[in-house]
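Here is a brief report on one protein chain. The overall fold comes after a look at selected charged pairs and one helix.

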Amino acid sequence: MYKSMKKIELHLHLDGCVRTSTACKLLNQENLEKDMVVDSSNSSLSEYLKKFDVPNRVMQTQQNLTLISKELIEDLKKDGVIYAEVRFSPLLHTKNGLSFNQIIDAVLEGLKDDFVQTNLILCMMRNATKEENLRVIKAASDYLEKGVVGIDLAGDESKYPTYLFQDLFNRIYELQIPLTVHAGEAASYSNIEAAINHHANRIGHGIRLIDNQELLNEVKKKKIPLEICLTSNVQTKAVSSYLHHPIKKLMEQGVLVTVNTDNRTVSNTTLSHEYELLNQYFGFSIHDFKALNMNAVRASFLSKEEKLKLLQKIS
């Protein structure tokens with residue numbers, strides 16, 4: 001029903017979107033679904049993150065990175081997505097000796113398309129060293145407005161609290177690189193607070209914001225958007241069920257919300273399917289989805305001119 005809608009996606013991990021059929025072919029193996037796709041038995045974010053092991057095994061050559069990126073474009077096109085900010089960490093793809101430039105160039109090559117517009121967000125990793133994450137910042141600075149539009153901090157926030165990365169956030173701010181931070185997903189709202197206190201422009205997930213009214217009011221006042229991923233949040237047990245997800249309450253309180261898939265393969269979802277679930281559990285209408293997509297355009301890391309063009313396309 002929603003496939004024909006022109007949609008925007010801001011929170012999308014490249015390594016979480018590798019087709020299982022492609023991984024099987026590249027690794028000359030069969031039946032990798034159980035290793036790459038979560039099921040109802042998944043108990044936590046830590047367990048969910050294990051599904052990235054196979055994708056990262058195949059994402060170690062330029063040829064494979066380009067192929068996987070091209071296939072993602074095909075999948076986005078089928079889903080009616082016309083703009084996506086695709087994120088990944090070059091740190092994870094150096095095992096065979098590729099340089100950051102080779103990695104980023106290969107992904108950019110695969111994402112070239114006349115219909116689906118994309119940009120990259122480079123991920124720092126919570127479990128990486130400061131020196132490694134500084135390399136990610138330098139790469140983002142080198143490629144800024146050349147296919148890269150921002151930086152993210154990803155990984156297990158329950159093990160590595162956000163406040164530990166303030167020096168890196170300050171460096172990103174100095175370089176004027178847009179920043180989004182995974183926060184308030186698998187751990188408390190304090191991670192959201194630490195992120196916005198250190199210049200985060202957006203928050204990935206951010207659903208624990210519902211637990212602190214004062215912080216919610218601050219996020220609302222500063223117009224900091226949340227990149228919400230409904231199915232992923234249920235699967236990682238960030239929420240106990242779809243009906244207990246705070247997305248509608250956050251919207252009713254005036255928080256800027258966007259809807260995203262997080263990981264199309266790992267979560268076995270599409271943006272159209274997320275819309276169906278929002279309609280099923282919360283009664284969201286076509287009007288609501290148009291408003292959410294307009295939120296996403298305004299929250300994107302595009303220039304003002306590009307945002308205006310995109311708003312015209314979806315209106």
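## Salt bridges and fold

Lys112 is exposed, because its relative accessibility is 59%, above the 50% cut-off. The model is predicted. Lys112 pairs with Glu109 in a salt bridge, with the closest N and O atoms 3.0 Å apart. Glu109 is partly exposed, at a relative accessible area of 39%.

The structure holds 17 salt bridges. The table gives three of them.

| Pair | Closest N to O distance |
|---|---|
| Lys112 and Glu109 | 3.0 Å |
| Lys77 and Asp113 | 2.9 Å |
| Glu218 and Lys222 | 2.9 Å |

Lys77 and Asp113 meet through their side chains. Lys77 lies in helix H5, and Asp113 sits in the loop between helix H6 (100-111) and strand S3 (117-125), so the salt bridge ties together parts that are 36 residues apart in sequence. Lys77 is partly exposed, with a relative accessible area of 39%. Asp113 also counts as partly exposed, at 28%.

Glu218 and Lys222 belong to helix H10 (residues 213-222). They are four residues apart, which means a separation of about one helical turn. An α-helix has 3.6 residues a turn, so residues three or four places apart point the same way. Glu218 is partly exposed at 26% relative accessibility. Lys222 is partly exposed at 44%.

Salt bridges also form a network. It links Glu85, Arg87, Asp152, Arg202 and Glu227.

Which residues are buried in helix H1? In this helix (residues 20-27), they are Thr20, Thr22, Ala23 and Cys24. Their cover includes helix H2 (33-36), helix H4 (53-58) and helix H5 (62-78). H5 is also the helix that carries Lys77. Just after H1, Asn28 takes a positive phi of about 55 degrees.

Now the chain as a whole. Its secondary structure comes to 15 helices and eight strands. The C-alpha trace spans about 50 × 45 × 45 Å along its principal axes. The radius of gyration is 18 Å; a compact globule of 315 residues would have a value near 20 Å, so the two agree.

Buried residues make up 57% of the 315 residues. Among contacts with a separation of 6 or more, 73% join residues 24 or more positions apart. The chain exposes about 13800 Å², and carbon and sulfur atoms supply 48% of that area.

The chain has 38 positive and 39 negative charges. The mean positions of these two sets are 3 Å apart.

Conventions. Residues numbered from 1 in each chain as written. Predicted model: local features only at pLDDT ≥ 70, side-chain atom pairs only at ≥ 80, totals over all residues. Heavy atoms only, no water. Buried < 20%, exposed > 50% of the residue type's maximum accessible area, 1.4 Å probe, protein only. Helix = DSSP H or I, 4+ residues; strand = E, 2+ residues; numbered from the N terminus. Contact = heavy atoms within 4.5 Å. Rg over C-alpha atoms; globule rule 2.2 N^0.38 Å. Areas by Shrake-Rupley, 256 points an atom, 1.4 Å probe, with all protein chains shown as cover. Lys, Arg positive; Asp, Glu negative; His and termini not counted. Charge placed at Lys NZ, Arg CZ, Asp CG, Glu CD. Salt bridge = Lys/Arg side-chain N within 4 Å of Asp/Glu carboxyl O.
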